[in-house]
Amino acid sequence: MGVAAWLFLLAAVTTIQLDSTFNVDDVRWVREVGNSSVSGKAFLKLRDGSEKDCAGFNVELLPVATYSSERIFRTYGNNRAGQVLLEDNPPQFTPDAPGYHEYVLKGTCDAAGEFRFDKVPAGDYFVMVFIIWELSGLNPPVRTGGALMKRIHVNPRANLQVELR
């Protein structure tokens, strides 16, 4: 695919009107200090069949709520697990509630492509991994890659291992 086609695809963003609204009371619990841990690895499958691990990329634990569940479903087509590539034009949402982005646990995959969250409160989460980078040598720069998602349940005092593929 040529650069012009990439630019067109990335510019053709779909905006989706959400039916639900963000309610901070549904996710406030994620800020409590828990006694569980969540660790794992993530691998994004690219169009050519190769995989890119999450080394150096962002990972989040997003609490499951009505608003987050609708966004996840509209992006991935389900609420269990999946991936979306930037070239598939993941949607943008309206309303895109600012508070929604503040009630997540955030981390980064280490150089070995592994992540770990400690002191996680028990509950249901979407593990979100964002493996997005700029293609080198293009002007203007073009972002590529995508995101992975997997729904998990964290029990009290658990040491949960997760793999996203």
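**Core.** I started with the nonpolar cores of this predicted model. The largest one holds 25 residues. I noted the residues with the most contacts inside it: V38, L61, F115, V127, V129, I152 and L164. Next I asked which strands feed this core with at least two residues each. I found β2 (36-45), β4 (58-63), β8 (114-120), β9 (123-135), β10 (142-154) and β11 (159-164). The largest share, four residues, comes from β9.

**L164.** I then looked up the neighbours of L164, leaving out residues up to four places away in sequence. L164 touches K41, A42 and F43, and also F115, V127 and V129. Its list further includes L148, M149 and K150.

**Second core.** Apart from the largest core I found another, of 16 residues. Among its members are L18, F93, F126 and A147. I keep in mind that nonpolar side chains tend to be buried together in soluble globular proteins.

**Fold.** I counted two helices and eleven strands. From the N terminus the order reads α-β-β-β-β-α-β-β-β-β-β-β-β. I checked the radius of gyration, which is 16 Å. The globule rule gives 15 Å for 165 residues, so the protein is as compact as a globular protein of that length. The C-alpha trace spans about 50 × 40 × 25 Å along its principal axes.

**Contacts and burial.** I took contacts between residues at least 6 apart in sequence; 78% of them join residues at least 24 apart. Buried residues make up 43% of the 165.

**Surface and charge.** I read an exposed area of about 8,900 Å², with 49% of it from carbon and sulfur atoms. I noted 17 positive and 19 negative side chains. The centres of these two sets lie 3 Å apart.

Methods:
Residues numbered from 1 in each chain as written. Predicted model: local features only at pLDDT ≥ 70, side-chain atom pairs only at ≥ 80, totals over all residues. Heavy atoms only, no water. Core = buried A, V, L, I, M, F, W, Y, C linked by side-chain atoms within 4.5 Å. Buried < 20%, exposed > 50% of the residue type's maximum accessible area, 1.4 Å probe, protein only. Contact = heavy atoms within 4.5 Å. Rg over C-alpha atoms; globule rule 2.2 N^0.38 Å. Areas by Shrake-Rupley, 256 points an atom, 1.4 Å probe, with all protein chains shown as cover. Lys, Arg positive; Asp, Glu negative; His and termini not counted. Charge placed at Lys NZ, Arg CZ, Asp CG, Glu CD.
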